[in-house]
Amino acid sequence: MNGNSMVPDQILDYSRANGVEVLLLQEVLTSGERLIGFDYGAVKTVFSCRDGSAGAAIVVLNQDIEVVALQGLCDRYCAVASLRKRSGQAIVFVSAYFKYSIPTRVFTDRLGDVLDRINQDVLIGADVNAHSPQWFSRPGNNSGSARGTHVESLIAEKHLTVHNQPGHIDTYERPGMGSSNIDVTLTRGGSLANSISEWEVLDVTDSDHRTIRFKIHVGSGPEGPTVGKSRFNVRKADWDRFRLVLAQKVFGDPETMVGDCGRIAESLTRALEQAMEASMPRSRKSGRTNPPWWDAGLEESKRRLNNFRRTKDYKVSDRGQFRTLRNEHLKKIRRAKMESWRKFATSINSDIWGPVYRWARNGSMKSRVPNAVLRGDGTFTVTALETAECLLESLIPRDEAAPVFDRGCVGRVRPEVTEAEVKSAVWRMAPNKAPGLDGITAGVLRKAWGGATAFADLTRGCPQGSQLGPSLWNLSMDRALVTNDDDRVKLIAYADDLAVLIAGSDLGEIQGKARAPLGALCDWASQRGLTFSASKSQAIPLKGGLRPGFTVPFGTEDIVAVCSVRYLGVELDSRRNFWAHVSQVAGKSDSLYSRLRAASSADWGLRQSTSAVIYRAVFLPRITYAAEIWSGGVLTSRAIKLLGSKQRRALLSLTGAYRTTSTDALQVVAGQMPLDLEIRWHVVRTKRKAGQISEEEMRAQWDRLLDIWQDRWDVSEKGRWTHSMIPNIRRRLELPLEVDHYVCQFITGHGDFNAKLTSFALRGTGGCRCGTEDETVNHVLYRCPALSAERSRVIRLIGEDAWPCPTEVFLDTRSNYCALRRFAREAIEAKRLSDRLG
């Protein structure tokens, strides 16, 4: 693709028109875990890596193809995945990019290692950047030929088959650099090699690498489940034929209604599926879904561009005109994307916890492709069913000594279910509710009325999510807790988190006292067929002079003492200063507010009032969890500084201020206490709710915290312009200020002022457009003659006798502040208009 932003659109258009199901791409454009240009066209995507630097990818456009990513074999320039159609053999696809600036031997060695660890047939699509007669390259490039010998050696050593054919246009052509064949199609496995047909090279995109297309005739394999199978289109169903086929399958086969309930249910399900296949089409998704920002204007622009491409010599003689046309099309796309994003971002103000917040909390949608797992013999699973079975074998071990229970029903738990009850249950379900993997909806069952799944027998334990599981666990764990009779040893359990507290005067005494309770726990586990993992258990010294690194015997292994331990969501550290927890909790919402910042602008997106709701409902509860335990860790200057730096993202979102504004000023403008004081206030309120302190004591604590904040604000060397406007913290908290991007520039002094921008080397001169003096916030607010008309309304409100007034007067009354807000917007918009006009 060579990083060309037009190519994805062209590839998807061609794929949709020609029924292409799988794409092997090199030199892709990525952004994090996004494959740019394929956000809406791809069903499943496997990257060579997910850090934004992927050089290759595999894209599957047919949702009926099962995809398993072999992530353990992928690297930056090599994407590996196993693909399988229902009843077809699994084939491992490899998309590889041999970057020209890196020695070819690096890539051939890596590809050879991938082939050694796979037992299935393999298909490789590679941009090898090398020449060889084996793939019919043009002679004369010594460097390319030398690189080609490494690829030839790999082909011979791994018994690969080259499928490039002579007589086609070259796979690579770039004006001014010539053309050649440097893209290769390889297979391993005789049956796969024989199934490749109609190999050809096509010029269908603007990339300097042309498109290679071929067909694979997939042989039959063991029957397997259909993962992501498309739904039936019941609106186009032939219901007469459906009932006829269903009756033939049910009543025509005497074995259908024979056997236990499970067998009959499977037979009926199979009969329903066959009747649906015979009477209604599937709602197959096309290989291309237009994004939400696509419109008729873009469709027309793309049609003109494609028409020019087909009828003109767009690569040579008409290249300039083509590039102009293409750039206009791309500009329209960027404009449409931006407008769509603005609408999406602004929607959070009417639906706070809707799609924008979910995106900010979770990030973009992650890959839906399952990863293969490594078996004990060193091979990878290649189908979803193999992966599920391997996971069940590892996660649900079998207890060979467990008694065997009859699967049949012993006794009758309740009266036999009647036909009327079943029918009533079916009619209570919504007819068009999304079906399971079999595609049968409640609507189909009404008309019929007259993934990969692996199973394992539970021989011990409780199923995940069972209602009795927690209670049964508590009953069983209680036996372990009552085995201790030492008053200097205490066992504490919360669900399946177990802590053993041991008091001793030295290490030897602690190790000695630990043997009895830890030994009893090992015996308790052994009696139930369980084992504790010493490597996942941790010890930590909480008092005395012990340093981390010592060991405590636990069965046949040792538990190693560490510096910090996470227990019930709190980081406990050996120094008991909770610095580890403060460090961990401080960054909890970084990603949330980083994304929210991208959804904010001066005139659209997240409003400051909406951000305040998220701050109170999400940010503060995350930070203050269990603060009554660890609040002593926020008293140090290091902790205060760290928490303040982590509060910045939230404060910027709350105020809309420039990022250069100091944290001290942001806290005052937003009216939010410094985070360390907020944590301490949370502890005070918690104590009051618990009845540990009186109402008077709580108010006294509040006054002390405000005094601390006021002292910090008065002595701070930053935010002095803001201090002149808001000198009193208590007064600020009484004011219901509605801040925005414009007024924040005048309250903080950080904004679109030439003198301030010059101090950050963002402007060449600090002079104002009026030509009288430097453009500072003070000059713009009080003296700039270019804004006399806008300023006159503020002067009339405050009074000419009082002008120029002290800066804090602007926040004395609501009317004064509203006048300041209006002036701020008008002044900034006038400045921007002047800058655009030059």
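pLDDT is the predictor's confidence in each residue, from 0 to 100. This is a predicted model, in which local features need pLDDT of at least 70, side-chain atom pairs count only at pLDDT 80 or more, and totals for chains, interfaces and linings use all residues. Residues are numbered from 1 along each chain as its sequence is written, and side-chain values use heavy atoms, with hydrogens and water left out.

Start with the whole protein: its mean pLDDT is 85, and 91% of its residues reach 70 or more.

Select residues 222-228. Here pLDDT stays under 50, and the model has 23 contacts (heavy atoms within 4.5 Å) beyond four places in sequence. Go on to residues 405-414, where pLDDT also stays under 50 and such contacts number 2. Where pLDDT is low, the predicted coordinates should not be read in detail.

Next, select residues 196-202, which form strand S14 (strands are DSSP runs of E, at least two residues, numbered from the N terminus). Of its 7 residues, 5 are buried (under 20% relative accessible area, 1.4 Å probe, protein chains only), so S14 is largely enclosed by the rest of the structure. Add strand S15, residues 211-216: S14 and S15 pair (at least two DSSP bridges) in the antiparallel sense over 5 bridges. To see one bridge, show Ile196 and its partner in S15, Ile216.

Last, select helix H29, residues 814-837. With 3 residues, H29 gives the most to the lining of the largest cavity. Residues lining that cavity include Phe746, Asp752, Arg769 and Lys831.

Note on methods:
Buried means under 20% relative accessible area, exposed over 50%, partly exposed in between (1.4 Å probe, protein chains only). Helices (H or I, at least four residues) and strands (E, at least two) are DSSP runs, numbered from the N terminus. On a 1 Å grid over the protein atoms alone, a cavity is a set of points where a 1.4 Å probe fits but cannot get out, and a pocket is an open set with protein on both sides within 12 Å along at least five of seven lines; lining residues have an atom within 4 Å of a point.
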